[in-house]
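Biologist: Got a minute to go through this one with me? I'd like to start with a helix and then see what sits around it.

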Amino acid sequence: MLGKLARQHDPNVLVGFDHADDAGVYQIAPDQALVQTVDFFTPVVDDPYVFGQIAATNALSDVYAMGGRPITSLALVCFPEKADLEILERILAGGLSKMIEAGCTVIGGHSIRDEETKFGYAVTGLINPKKVLANDGARPGDALVFTKALGTGVISTAIKKGEAQPEWIDAAVESMTTLNKPAADVIQQGEFRIRSMTDVTGFGLIGHAREMALASDVSFSLQAGSIPVLPGALECIRAGYIPGGLNNNRDFAECVVGYADGVPQDVRSLLFDPQTAGGLLISVASEDSTRLTQSLNQAKVRAVHVGEVVARTKPLIMIR
C-alpha cells in the first residue's frame with residue numbers, strides 16, 4: 001500500500017521500501033546510519049515469557065539481516081482490558097531478556113486495549129553506510145547459505161490445535177528464541193564477500209528468496225534436500241496443520257517457482273511456510289562460501305549451503 005502513495009525524496013534514505021527489504025536505512029553522518037524496523041504479532045506459544053522472547057528475537061532479526069547492530073527498542077503492546085496483568089508482565093520480561101542478550105536498550109513503548117493480545121517492538125540500530133547488506137546485491141555465481149531450519153509456522157499451527165509433540169515444540173521454540181546475533185557477528189567481523197542478505201520470516205523461504213532475486217535481477221537454484229527442516233515440520237504438513245499464511249504465500253509466489261521431478265509435495269509446501277524469527281539467507285561469493293559456513297558452524301550457528309545464484313531466467317526460482 002505504501003507504494004501507492006506519493007513518494008518522498010530524501011537523499012539520506014539509503015534503503016526504503018522500494019525493494020521490500022528487511023529494514024529502512026537512514027544516513028545521519030558520513031560513516032553512520034540508522035537501521036529501523038518494526039514487528040509485532042499474536043502469540044505463537046502458550047507460555048507468555050517464551051512468547052515475549054520470540055517476539056523480541058523476531059523484531060531484532062531485521063536489523064541483523066541488514067548488517068546492523070541494534071541499540072534501542074520500543075515495546076508495542078495490545079492487551080485485553082480484563083486479562084491478568086501478570087501475563088503481560090511475563091511477556092514483557094521475556095522480551096526484555098532477549099533485548100538484554102542483544103545489547104539493545106528498551107527505552108519505552110506504547111499500549112492499547114485489544115481483545116486479542118499482540119506484542120512486538122520497533123527497533124533502531126546503527127550501521128556503516130558502506131556496509132549495508134541490502135537484498136539487491138546477489139550476483140550470478142554466488143553461493144546461497146541458509147541458517148536455522150524451516151517449520152516454525154506449521155509447528156505453531158499444530159501447537160494451537162493441541163497436536164504438537166513435545167520434541168517438535170522444543171525444537172521450534174529453541175529456533176524462535178535464538179538470536180541471529182552470532183551469525184551477524186561472524187559476517188561483520190569476517191573477511192567474506194557477502195553480496196546480499198535477508199532474514200526468512202513471514203513470507204517463507206520462497207517469498208524472501210523471490211524478493212532477493214527480483215531486487216538483484218538474478219535467479220536462484222535451490223537444492224531441496226539441503227534445506228534444513230525442524231523435527232516434526234513435515235509430519236505437520238502431512239497431517240494438515242497448514243497455517244493460512246502458508247497458503248497465502250504459495251498463492252502469491254509459486255508462479256515464479258519450478259520444481260524438478262522428485263521434489264516431494266510436503267517439501268514443496270514447507271518452502272512457503274511463514275517463519276517466526278527465522279534464519280538468514282545469504283548470498284556470498286562462491287569462493288568464500290565454505291569458509292563462511294565453517295565460521296558460522298564454529299560460532300554454533302547452524303548454516304548450510306542450499307543453492308546458487310544464476311543469471312536471470314525462467315523460472316525465477318528452481319527447486320532441484
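**Helix 10 and the sheet**

Modeller: Sure. In helix 10, the buried residues are Asp 288, Ser 289, Leu 292, Thr 293 and Leu 296. Keep in mind that this is a predicted model.

Biologist: How are those buried residues arranged around the axis of helix 10?

Modeller: They sit on the same side of helix 10, because the arc they cover around the axis is only 140 degrees.

Biologist: And which exposed residues are on the face turned away from the buried side?

Modeller: That face of helix 10 carries Glu 287, Thr 290 and Gln 298.

Biologist: OK, what covers the buried residues of helix 10?

Modeller: The cover includes helix 5 (181–189), plus strand 7, strand 8, strand 11 (280–284) and strand 12.

Biologist: How far apart are the end C-alpha atoms of helix 10?

Modeller: They're 19 Å apart. Helix 10 has 13 residues (286–298), which at 1.5 Å a residue should span 18 Å, so the two values agree.

Biologist: What about the phi of Lys 300, after the helix?

Modeller: Lys 300 follows helix 10 with a positive phi, near 65 degrees.

Biologist: Switching to the sheet: what's the strand order?

Modeller: It's an open sheet of seven strands, ordered 8-11-7-12-9-13-10, with mixed pairing. Strand 8 (194–199) and strand 10 (257–259) are at the edges with a single partner strand each, so each has one side without a neighbour in the sheet. On average, neighbouring strands are turned by 25 degrees against each other, direction ignored.

Biologist: How many bridges join strand 7 to strand 12?

Modeller: Five, and the two run antiparallel, with strand 7 at residues 143–147 and strand 12 at residues 303–311. Within that pairing, Leu 144 stands opposite Gly 307, and Val 145 stands opposite His 305.

Biologist: So where do neighbouring side chains point in a strand?

Modeller: As a general rule, side chains in a regular strand alternate between the two faces of the sheet.

Biologist: And how does strand 9 run against strand 12?

Modeller: Antiparallel, with five bridges joining strand 9 (residues 218–222) to strand 12. One of the partners there is Val 310 in strand 12, bridged to Ser 219.

Biologist: Last thing: where is Asp 136?

Modeller: Asp 136 is in the loop between strand 6 (118–127) and strand 7. Its relative accessible area is 38%, so Asp 136 counts as partly exposed.

Biologist: And how far is its C-alpha from that of Met 212?

Modeller: The C-alpha atoms of Asp 136 and Met 212 are separated by 6.0 Å, with the two residues 76 apart along the chain.

Notes
Residues numbered from 1 in each chain as written. Predicted model: local features only at pLDDT ≥ 70, side-chain atom pairs only at ≥ 80, totals over all residues. Heavy atoms only, no water. Pairing = 2+ DSSP bridges. Helix = DSSP H or I, 4+ residues; strand = E, 2+ residues; numbered from the N terminus. Axes fitted to C-alpha atoms, helices over the stretch in contact; angles between N-to-C directions. Expected span 1.5 Å × (residues − 1). Buried < 20%, exposed > 50% of the residue type's maximum accessible area, 1.4 Å probe, protein only. Arc of directions from axis to C-beta. Contact = heavy atoms within 4.5 Å.
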